[in-house]
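I opened this structure for the first time today. These are my notes, in the order I looked things up.

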Amino acid sequence: MAELTKNQNFLQPSGYKISIDRANYPNLEFFVQSVQHPSVSVPMTEITYPRANVHMPGDKLIYDEVTFDLLLDEDMNAYIEMHNWLKRLVEDKVRGASQRHLQTASTADITLTLLSSHNNSTKKFIYRDCVPTNIGGVQMSSNVTDVAFINVPVGFAFTYFDIV
């Protein structure tokens with residue numbers, strides 16, 4: 001039976017940090033401005049009977065992509081880092097994390113750490129075998145009146161996530 005939570009503090013939207021392979025992706029970790037944690041669903045199976053259809057739960061979880069908004073620096077280091085990762089995916093053979101010693105792996109685990117109101121780690125979402133799927137467009141305009149820094153969304157597909 002589920003227990004009622006004893007912690008009545010609510011999760012703050014700014015209470016998180018991102019961790020990834022810092023040697024290969026330092027700009028992704030540093031310039032993440034927001035995270036869109038993905039939805040999870042179970043496809044239903046429909047069994048047809050003469051008088052009614054019965055819905056049964058499916059046999060697998062479907063994960064949407066996790067999306068990070070990156071703040072772009074003037075040299076576009078975060079953008080270039082992600083673009084190089086995408087290029088490497090189509091130019092090289094896929095290498096798993098176990099082959100990391102040979103060259104840069106095609107996949108990486110990304111950890112989203114949730115922080116309490118006192119900046120202590122409460123939970124971690126570890127997205128396993130992440131691979132970038134897209135980099136959003138970059139909007140530039142010469143007629144802006146306020147300084148607004150440019151963010152670009154980056155989407156990742158992953159195998160599954162753990163909550164620890």
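**Entry 1: the core.** I am working from a predicted model. I began with the largest nonpolar core, which has 27 residues. I asked which of them touch the most other members. They are Leu-28, Leu-70, Met-82, Ile-110, Tyr-127 and Phe-156. I then checked which elements supply at least two residues of this core. The list is β1, α1, β7 (66-71), α2, β8, β9 and β10 (151-157). I noted the general tendency alongside: in soluble globular proteins, nonpolar side chains tend to be buried together.

**Entry 2: Met-82.** I picked one core residue and listed what Met-82 touches, leaving out residues up to four places away in sequence. I found Leu-28, Leu-70, Pro-132, Ile-135, Val-154 and Phe-156. Leu-28, Leu-70 and Phe-156 were already in my notes as core residues that touch the most other members.

**Entry 3: aromatic rings.** How many aromatic pairs does the whole structure hold? My search gave 10. I looked at Tyr-25 and Trp-85, which form a stacked pair. Their ring centres are 4.0 Å apart, with 20° between the planes. Tyr-25 sits in the loop between β1 (16-19) and α1 (26-31), and Trp-85 sits in helix α2 (residues 77-91), so the pair ties together parts that are 60 residues apart in sequence. Are these two residues buried or exposed? Both Tyr-25 and Trp-85 are buried. I also wrote down one aromatic cluster, formed by Tyr-63, Phe-125, Tyr-127, Phe-158 and Phe-161.

**Entry 4: Phe-125.** I followed Phe-125 out of that cluster. Phe-125 is in strand β9. Its relative accessibility is 13%, so Phe-125 counts as buried. What does Phe-125 contact, beyond its neighbours within four places in sequence? I listed His-37, Ile-110, Thr-111, Leu-112, Leu-114, Phe-161, Asp-162 and Ile-163. I also took a distance from Phe-125 to Lys-17: 11 Å, C-alpha to C-alpha, for residues 108 apart in sequence.

**Entry 5: the largest pocket.** Next I looked for open space. Rolling a probe the size of a water molecule over the atoms shows where empty space is left. The largest pocket has a volume of about 270 Å³. I noted its lining: Asn-7, Asn-9, Phe-10, Leu-11, Gln-12, Leu-114, Leu-115, Ser-116, Ser-117, Thr-122 and Lys-123. The elements that give two or more residues to this lining are β8 (108-115) and β9 (121-135). By class I have 4 nonpolar, 6 polar and 1 charged residues.

**Entry 6: the second largest pocket.** This one holds about 180 Å³. Its lining is Leu-11, Gln-12, Pro-13, Gly-15, Tyr-16, Val-35, His-37, Leu-112, Leu-114 and Phe-125. I split the lining residues into 7 nonpolar, 3 polar and no charged. Phe-125 turned up here again.

**Entry 7: backbone angles.** I finished with phi. Most residues other than glycine have a negative phi. Met-76 has a positive value, near 55°. Met-76 is in the loop between β7 and α2. Its relative accessibility is 26%, so Met-76 counts as partly exposed. Asp-129 also has a positive phi, of about 55°. Where does Asp-129 lie? I found Asp-129 in strand β9. Asp-129 is partly exposed, with a relative accessible area of 34%.

How values were computed
Residues are numbered from 1 along each chain as its sequence is written. This is a predicted model: local features need pLDDT of at least 70, side-chain atom pairs count only at pLDDT 80 or more; totals for chains, interfaces and linings use all residues. Side-chain values use heavy atoms; hydrogens and water are left out. On a 1 Å grid over the protein atoms alone, a cavity is a set of points where a 1.4 Å probe fits but cannot get out, and a pocket is an open set with protein on both sides within 12 Å along at least five of seven lines; lining residues have an atom within 4 Å of a point. Grid points are joined across faces, edges and corners, and a volume is the space filled by probe spheres set on the points. Helices (H or I, at least four residues) and strands (E, at least two) are DSSP runs, numbered from the N terminus. Ala, Val, Leu, Ile, Met, Phe, Trp, Tyr, Cys and Pro count as nonpolar, Asp, Glu, Lys and Arg as charged, and the others, Gly among them, as polar. Rings of Phe, Tyr and Trp (its six-membered ring) pair if their centres lie within 6.5 Å; planes under 30 degrees apart count as stacked, over 60 as edge-to-face and the rest as tilted. Buried means under 20% relative accessible area, exposed over 50%, partly exposed in between (1.4 Å probe, protein chains only). A nonpolar core is a set of buried Ala, Val, Leu, Ile, Met, Phe, Trp, Tyr and Cys residues joined through side-chain atoms within 4.5 Å. Contact means heavy atoms within 4.5 Å.
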